[in-house]
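Please open the model in your viewer and keep the sequence panel beside it, since each stop on this tour asks you to select something and then look around it.

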Amino acid sequence: MKTTAYLVEEPGGEFVAAEVELEEPRDDEVLVRIVATGLCHTDLTVPTMLPQEMLPTVVGHEGTGVVEKVGAAVSGIEVGDHVVLSFRSCRQCAPCLAGDVGYCEQSLLLNYMGMRADGSTT
């Protein structure tokens, strides 16, 4: 499906609105129609540190919206739910299992590298 995203095309570059192709959600993913978003300091600094090979990229982790689609393995969230988005976590490492998802051992990969844990992109 096509959507519009603000992306960074070069290290330290400006955010640019662009039409992008987005895959359908995988079994463990949720598609959210964003209604409002925040701009965090990491959204401004991470693109300055990424090499050109990792760009263009879409950054951001703060937002609110409405669930549009739910992957087959997702529970507790339904189409039409209003949600708040924040950092992603693996839910499997020791900190996550202890309830400390803010200290997830996979946080860097899941939140700043522009890819899923398996290396694929959306």
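## First stop: a helix and its surroundings

In this predicted model, begin by selecting helix H1 (residues 41-49), whose buried residues pack against strand E1 (2-8), strand E2 (15-21) and helix H3 (107-112). Which residues of H1 are buried? They are Thr42, Asp43, Val46 and Pro47, and because these four cover an arc of only 120° around the axis, they lie on the same side of H1. A general point helps when reading such a pattern: an α-helix has 3.6 residues a turn, so residues three or four places apart point the same way. Now turn the view to the other side of H1, where His41 and Met49 are exposed.

## Second stop: the sheet with E1 and E2

Next, select the strands E1 and E2 that you met as packing partners of H1, and add strand E4 (57-58), which belongs to the sheet as well. The three form an open sheet in the order E2-E1-E4, and the pairing is antiparallel. E2 and E4 stand at the edges with a single partner strand each, so one side of each is left without a neighbour in the sheet. Between E1 and E2, which run antiparallel, there are 7 bridges, and if you would like a pair of residues to centre on, take alanine 5, which stands opposite alanine 18 in E2.

Before leaving this region, select leucine 55 and proline 56, which are joined by a cis peptide bond with omega at about 5°. Proline 56 lies in the loop between H1 and E4, so named here simply to help you find the place.## Third stop: the other sheet

Now select strand E3 (30-37) and strand E6 (82-85), the edge strands of another open sheet, each of which pairs on one side only. This sheet has 3 strands in the order E3-E5-E6, again with antiparallel pairing, and its neighbouring strands are turned by 40° against each other on average, direction ignored. As general background, strands of a sheet pair through backbone hydrogen bonds, either parallel or antiparallel.

Add strand E5 (residues 63-70) to the selection, and look first at its pairing with E3, which is antiparallel and runs over 7 bridges. Along this pairing, isoleucine 34 stands opposite glycine 65 in E5, while alanine 36 stands opposite threonine 64 in E5. How many bridges join E5 to E6? There are 4, and these two strands also run antiparallel. Threonine 64 is a useful residue to keep selected here, for it faces alanine 36 in one pairing and has valine 84 as its bridge partner in E6.

## Fourth stop: the cysteines

With the sheets in mind, select the cysteines and ask how many disulfides a search of the whole structure finds. The search finds 0 disulfides. Cysteine 40 is in no disulfide, and the nearest cysteine sulfur, which belongs to cysteine 104, is 17 Å away. Is cysteine 40 buried or exposed? Cysteine 40 counts as buried, because its relative accessibility is 13% and the cut-off for buried is under 20%.

Cysteine 93 is in no disulfide either, although the nearest cysteine sulfur, that of cysteine 90, is 3.7 Å away. The reason lies in the cut-off, because a disulfide is counted for a pair of cysteine sulfur atoms within 2.5 Å. Cysteine 93 is also buried, with a relative accessible area of 9%.

## Fifth stop: loops around helix H2

Select arginine 91 next, which lies in the loop between E6 and H2. Its phi is positive, at about 65°, although arginine 91 is not a glycine, and at 55% relative accessibility this residue counts as exposed.

From there, move to the loop between helix H2 (94-97) and H3, where glycine 102 is found. Glycine 102 counts as exposed, at 64% relative accessibility. If you select phenylalanine 87 together with glycine 102, you will have two residues that are 15 apart in sequence and 7.6 Å apart in space, C-alpha to C-alpha.

## Last stop: the segment after H3

Finally, select serine 120, which is found in the segment after H3. Which side chain does serine 120 join through a polar contact of 2.6 Å? The partner is the side chain of aspartate 118. Leaving aside neighbours within four places in sequence, serine 120 is in contact with Arg26 and Met115, and selecting those two residues completes the view around this serine.

Definitions and conventions. Residues numbered from 1 in each chain as written. Predicted model: local features only at pLDDT ≥ 70, side-chain atom pairs only at ≥ 80, totals over all residues. Heavy atoms only, no water. Pairing = 2+ DSSP bridges. Axes fitted to C-alpha atoms, helices over the stretch in contact; angles between N-to-C directions. Buried < 20%, exposed > 50% of the residue type's maximum accessible area, 1.4 Å probe, protein only. Arc of directions from axis to C-beta. Contact = heavy atoms within 4.5 Å. Polar contact = N/O pair within 3.5 Å; in protein donor to acceptor, adjacent residues only side chain to side chain.
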